[in-house]
Amino acid sequence: MENFLKIIFNLPKRLLLLIIGLYQVLLSPDHSWLKSAYPYGYCKHYPSCSEYSKLAINNFGFIKGSLLSLKRVVKCNPFVEPSIDLIPNP
Amino acid sequence: MAFISLLYNDIIYRPLLNLLVFFYNVIPGHDVGVVIILLTLLIRLVLAPSFHKSLKSQKAMNDLQPKLNELKEKYKNDKEGQAKAMMALYKDNKINPLSSCLPLVIQLPVLIGLYQVFRIALNPAVDIVTRLKGLYPFVNAPHSISPFLFGLLDLSKPSIALGIIAGLAQFWQSKLMMPKTPGQDATAKAMSFQTTYVLPLVSVVIAIKLPAGLPLYWVVTTLFAVAQQYYILRKKQETGN
């Protein structure tokens, strides 16, 4: 029972991670086969936005992880300097 | 989830719908095809600066190639160190080859929003009041919307021709985009082959199933990108580098 609840509870998180994983395999200009079009990388920051999101959601869960990811994507705009931007310490 | 759909509705769907209807009201001829072309150019212009910047720095990057390869070799097993060293190199040379995720991430909801607008507002089977639900009070509701491009092509229905044109345009663009570096290894070559040939094919397969307004958007947005690339390439030649 406890295990079952845990699976249900973790469903949104798993789903989001799956979507990001699919994005990385299919569409990402930094991780998928499209990366050959961007030989120097695409994303401004290190790690890339999708990698950051994966780490953030894994470490902080669905809600806080999503918010951190959103913040990161908004920060990845043409008017900021590239940076090493790691997820906060859990 | 309700919050997200509300957000989507107010930030993406309604502005797009209102822009579409507004243009439809004001342009002579009241042609939805022309409206979609105008709308696309507007979206492209808003996103142009970030795209422009990344294209411009590609040439500068080619000159730095040897140094970059050196760094890659040096920090083979330390991704973070490699990223740090590269960023320092970019800074020293005052270039910024990296794009930003935000414009890329914005494009997808815009595409979905447009799809919804075409699906609902252009659908002749639905009554006009339902079709125009979400119009701002200051935008006049037309009595009817004819879904035709130049009076010829029904944009609310799928069009095979337009889907194929969309794929061809995309093929042209990726051909132009491909970095012409002779020393690429086999995997990089295979990958660039896929980008040039497979992705446009995928586009065609998807595009011929969608309301033709969407492939029309795709054609215009891709041609805009091609024009932008040509413009930058020509400018480079004129300045002699």
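**Exercise 1. Determine how many helices and strands chain A of this predicted model has, and in what order they follow one another.**

Solution. Chain A has 3 helices and 0 strands, in a model that is predicted. Reading along the sequence gives the pattern α-α-α. Chain A comprises 90 residues, of which 26% count as buried. Among its contacts with a separation of 6 or more, 51% are between residues 24 or more positions apart.

**Exercise 2. Describe how helix 2 and helix 3 of chain A are arranged relative to each other.**

Solution. Step one is to take the geometry: helix 2 spans residues 11–26 and helix 3 spans residues 49–75 of chain A, and the two pack at an angle of about 165 degrees with axes 10 Å apart. Step two is to classify the angle: values over 145 degrees count as roughly antiparallel. Helix 2 and helix 3 of chain A are therefore roughly antiparallel to each other. Step three is the handedness, and this crossing is right-handed.

Step four is to list the residues that meet. Helix 2 of chain A contributes P12(A), K13(A), L16(A), L17(A), I20(A), Y23(A) and Q24(A), while helix 3 of chain A contributes S50(A), S53(A), K54(A), I57(A), G61(A), F62(A) and S66(A). Sorted by character, the residues of this contact are 7 nonpolar, 5 polar and 2 charged.

The spacing within such lists can be read with a general rule in mind. An α-helix has 3.6 residues a turn, so residues three or four places apart point the same way.

**Exercise 3. Place L17(A) in its surroundings and decide whether L17(A) is buried, partly exposed or exposed.**

Solution. L17(A) belongs to helix 2 of chain A. The burial class follows from a count: a residue needs 20 or more other C-beta atoms within 10 Å to be buried, and 12 or fewer to be exposed. L17(A) has 17 C-beta neighbours inside 10 Å and so counts as partly exposed. Leaving aside residues up to four places away in sequence, L17(A) touches K54(A) and I57(A). L17(A) and S50(A) lie 33 residues apart in sequence, and their C-alpha atoms are 9.7 Å apart in space.

**Exercise 4. Find where P47(A) lies and state the form of the peptide bond from Y46(A) to P47(A).**

Solution. P47(A) is in the loop between helix 2 and helix 3 of chain A. The peptide bond from Y46(A) to P47(A) is cis, with omega near -10 degrees.

**Exercise 5. Give the order of elements in chain B and the share of its residues that count as buried.**

Solution. Chain B has 8 helices and 2 strands. From the N terminus on, these run α-α-α-α-α-β-β-α-α-α. Of the 241 residues of chain B, 26% count as buried. In chain B, 76% of the contacts between residues at least 6 apart in sequence join residues at least 24 apart.

**Exercise 6. Check whether the length of helix 4 of chain B agrees or disagrees with its number of residues, and list its buried residues.**

Solution. Helix 4 of chain B covers residues 101–121, and at 1.5 Å a residue its 21 residues should span 30 Å. The C-alpha atoms at its ends are 30 Å apart, which agrees. Its buried residues are C101(B), L102(B), L104(B), L114(B), V117(B), F118(B) and A121(B).

**Exercise 7. Work out how helix 1 of chain B packs against helix 4 of chain B.**

Solution. Helix 1 (residues 2–26) and helix 4 of chain B pack at an angle of about 55 degrees, with their axes 9 Å apart. That angle makes helix 1 of chain B oblique to helix 4 of chain B. The crossing of the two is right-handed. On the helix 1 side the contact involves Y8(B), I12(B), Y13(B), L16(B), L17(B) and L20(B); on the helix 4 side, P109(B), V110(B), G113(B), L114(B), Q116(B), V117(B) and A121(B). These residues divide into 11 nonpolar, 2 polar and no charged.

**Exercise 8. Characterise the meeting of helix 3 of chain A with helix 4 of chain B.**

Solution. The axes of helix 3 of chain A and helix 4 of chain B come within 6 Å and cross at roughly 105 degrees. The two helices are therefore roughly perpendicular to each other. C49(A), V73(A) and V74(A) meet C101(B), L102(B) and V105(B). The residues of this contact comprise 6 nonpolar, no polar and no charged.

Definitions and conventions. Residues numbered from 1 in each chain as written. Chains lettered and ligands numbered in written order. Predicted model: local features only at pLDDT ≥ 70, side-chain atom pairs only at ≥ 80, totals over all residues. Axes fitted to C-alpha atoms, helices over the stretch in contact; angles between N-to-C directions. Helix = DSSP H or I, 4+ residues; strand = E, 2+ residues; numbered from the N terminus. Parallel < 35°, antiparallel > 145°, perpendicular 65-115°, else oblique. Left-handed = near helix turned anticlockwise from the far one by under 90°. Contact = placed C-beta atoms within 7 Å. Nonpolar A, V, L, I, M, F, W, Y, C, P; charged D, E, K, R; others polar. Expected span 1.5 Å × (residues − 1).
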